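Good morning, everyone, and thank you for making room for me today. Please bring up the structure on your screens, and I will walk you through it slowly, one region at a time.

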Amino acid sequence: ADEAAVIGSNNWAVDGARSASGHALVANDMHLAHGVPNIWYRAAMTLPDPADPLRPLRVGGITLPGLPVAVVGSNGHVAWG
């Protein structure tokens, strides 16, 4: 098969009741080749939460240069890929 025609991604999730830790799991494979320079960068963001000033919002994941959003990541409650 032509490798250029095999473009896509896949992901899966497991309920916490089925994991050893009791926490839900999510996995994502974007099917992208490694390259130099790397287009993905790890990022962690901490933002004030207007609803609860004592507990800031935390988001961790990967981003693209110049994009202030986690393309793949988690906020400790929800994960996306």
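Let me begin with A13, which sits in strand β1. A13 counts as exposed, because its relative accessibility is 63% and the cut-off for that word is over 50%. Before I go further, please keep in mind that what you are looking at is a predicted model, and that every value I quote is computed from it. If you follow the chain for 13 residues from A13 you arrive at V26, and yet the C-alpha atoms of A13 and V26 are separated by 4.3 Å.

Now let us step back and take in the chain as a whole. How many helices and how many strands does the chain have? The chain has 0 helices and 6 strands, so that, reading from the N terminus on, the elements run β-β-β-β-β-β. The C-alpha atoms fill a box of roughly 55 × 35 × 15 Å, if you take the box along the principal axes. The radius of gyration is 16 Å, whereas a compact globule of 81 residues would have one near 12 Å. As for the interior, buried residues make up 12% of the 81 residues in the chain.

Let me return to the N-terminal side, to the loop between β1, which covers residues 10-14, and β2, which covers 25-29, for this is where D15 is placed. Is D15 buried or exposed? With a relative accessibility of 51%, D15 counts as exposed, because the cut-off is over 50%. The side chain of D15 reaches back to the main chain, where the backbone nitrogen of A17 is found at 2.7 Å. D15 can also be compared with L25, since these two residues are 10 residues apart in sequence and 6.8 Å apart in space, C-alpha to C-alpha.

In that loop between β1 and β2 you will also find S19. S19 counts as buried, because its relative accessibility is 14% and buried means under 20%. The side chain of S19 makes a contact of its own, reaching the backbone oxygen of H23 at 2.6 Å.

Next, please turn to the sheet. In what order do the strands of the open sheet lie? The sheet has 4 strands in the order β3-β4-β5-β6, and their pairing is antiparallel. Its edge strands are β3, residues 41-47, and β6, residues 79-80, each of which pairs on one side only.

Between β3 and β4, the latter being residues 57-63, the antiparallel pairing extends over 7 bridges. If you would like to trace this pairing by eye, you can look for L47, which stands opposite L57 in β4, and then for A43, whose bridge partner in β4 is G61. On the next step across the sheet, β4 and β5 run antiparallel and are joined by 3 bridges. Here G61 appears again, this time standing opposite G73 in β5.

While we are on β4, I would like to point out T63, which belongs to that strand. T63 counts as buried, because its relative accessibility is 10% and the cut-off is under 20%. A polar atom of the T63 side chain lies 2.9 Å from the backbone oxygen of V69.

V69 leads us to the surface, because V69, L67 and V71 together form a nonpolar patch there, with about 210 Å² of accessible area between them, and a residue needs over 30% relative accessible area to belong to such a patch. L67 is placed in the loop between β4 and β5, the latter being residues 72-74. L67 itself is partly exposed, with a relative accessible area of 38%.

The loop between β4 and β5 also holds G66. Is G66 buried or exposed? G66 counts as exposed, because its relative accessibility is 80%. How many Å separate G66 and V26 in space, C-alpha to C-alpha? The answer is 26 Å, for two residues that are 40 residues apart in sequence.

With V26 we are back at the residue whose C-alpha atom is separated from that of A13 by 4.3 Å, and that is where I will stop. Thank you for listening.

Conventions
Residues are numbered from 1 along each chain as its sequence is written. This is a predicted model: local features need pLDDT of at least 70, side-chain atom pairs count only at pLDDT 80 or more; totals for chains, interfaces and linings use all residues. Side-chain values use heavy atoms; hydrogens and water are left out. Two strands pair if DSSP finds at least two bridges between them. Helices (H or I, at least four residues) and strands (E, at least two) are DSSP runs, numbered from the N terminus. Patches are made of residues with over 30% relative accessible area and no salt bridge: like charges are joined within 9 Å, nonpolar side chains (Val, Leu, Ile, Met, Phe, Trp, Tyr) within 5 Å. Accessible areas come from the Shrake-Rupley method with a 1.4 Å probe; for residues, only the protein chains shown count as cover. A salt bridge is a side-chain nitrogen of Lys or Arg within 4 Å of a carboxyl oxygen of Asp or Glu. Buried means under 20% relative accessible area, exposed over 50%, partly exposed in between (1.4 Å probe, protein chains only). A polar contact is a pair of N or O atoms within 3.5 Å; within protein, one must be able to donate a hydrogen and the other to accept it, and residues adjacent in sequence count only if both atoms are side-chain atoms. The radius of gyration is taken over C-alpha atoms; the globule rule is 2.2 Å times the number of residues to the power 0.38.
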